[in-house]
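Biologist: Please take a single strand of this model and examine it closely. I should like to know how its side chains are placed and how it is joined to its neighbours.

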Amino acid sequence: MRSIGGYLELQLSKGEEFYPSLLKLNTGRNAFEYILRVRRYQLVHVPYYTCEVMLEPLRRLGISFQYYTIDEHMDPVLDFEVGPTECLLYTNYFGLKQETVIRLSTQFKNLIIDNSQAFFSPPQEGVDTFYSCRKFFGVPDGAYLQMDSPIRLKLEKDVSFERFSHLIKSIDLGIESGYEDFINNNVQLSNNPVRRMSALSQKILSGIDYKTCRYRRNSNFMYLHDFLEAYNDYAFDASVVNGPMIYPLLSSSPNLRDKLLDKQIYVASYWPNVLEWTTKMMYEHYLTSHLIALPIDHRYTHADMKRILNILKTTL
Ligand SMILES: Cc1ncc(COP(=O)(O)O)c(C=O)c1O
């Protein structure tokens, strides 16, 4: 029975989730595990260019994997076969690779799309696809999974209030003050069992104005691209941007990251583990050390983008 009265709770807007009909799970890596447990693949082709936490489920389930390389368009170099008990895992890099996702989905039956960096890219019909919500929104965790299968795993619901501190600390004390908690809360996500999405994450995700978030991402992205295209060694089709995660600037110009950091512009590194997995001769190694992931999310306007450009203009 629902109680009436008592103290007032944190009040969040009521709305609709972006993917109301997909499965709701606790993390992206665990959505990947869910797929592996249902599909029972014996070998997974994993890109060298991905986050190491994607190996957690493979190790946990004792499934073999083989790395594959990507080309300068960040498309897979398909010089291998995907056998009937194997599958291809592909990341929709920065939310800019939907065309490749569509092409792969016509080529491969056993395909898993990692849309952790592509929240706004819709899943292709019949393709196992997962999303990680914390890469796009202020939630401690949460993942969506599309998978057509009569098999459903029976799962407990996750509880995420203990991984929430960075999200409230930053409101009171600023983003830098919450950083240590952010790191610690990330660590808590490792080796966490597959569970259903927590009520806390789901409630936050139900109150987000997705239309505005997507609009701001597209607008900020294009503002940067108008200037940076001429300097960017990563060439991509900007006519199809759909709420991308960051603006990827690939440049051999040294110290870009440090110059931005000096002015309190923080850029994430995707992904430090790739430097260990690859040799210096490999494209993935170069990408990891030279790709600058410029923030373009809903918190920012063109004035912020201009600040970023002013710093880059003195360096590029
Ligand atoms: C490309 C990619 N896929 C999947 C994940 C895992 O998502 P989650 O942290 O929700 O498990 C990450 C990072 O954590 C990632 O960068």
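Modeller: The account below follows strand β2, its side chains and then its partners. This is a predicted model, in which local features need pLDDT of at least 70, side-chain atom pairs count only at pLDDT 80 or more, and totals for chains, interfaces and linings use all residues. Residues are numbered from 1 along each chain as its sequence is written, and side-chain values use heavy atoms, with hydrogens and water left out.

Strand β2 covers residues 43-47 (strands are DSSP runs of E of at least two residues, helices runs of H or I of at least four, both numbered from the N terminus). Five of its five residues are buried (under 20% relative accessible area with a 1.4 Å probe, protein chains only; exposed is over 50%, partly exposed in between), so β2 is largely enclosed by the rest of the structure. In a regular strand, side chains alternate between the two faces of the sheet. In β2, L43, H45 and P47 point one way, while V44 and V46 point the other way; all of them are buried.

Strand β2 pairs with strand β3, residues 64-68, in parallel through five bridges (pairing requires at least two DSSP bridges). Within this pairing, L43 stands opposite S64 of β3. Helix α2, residues 55-61, completes a right-handed β-α-β unit with β2 and β3 (with the strands pointing away from the viewer, the path from the first strand over the helix to the second runs clockwise).

Strand β2 also pairs with strand β4, residues 86-91, again in the parallel sense, over three bridges. Here V44 of β2 has C87 of β4 as its bridge partner.
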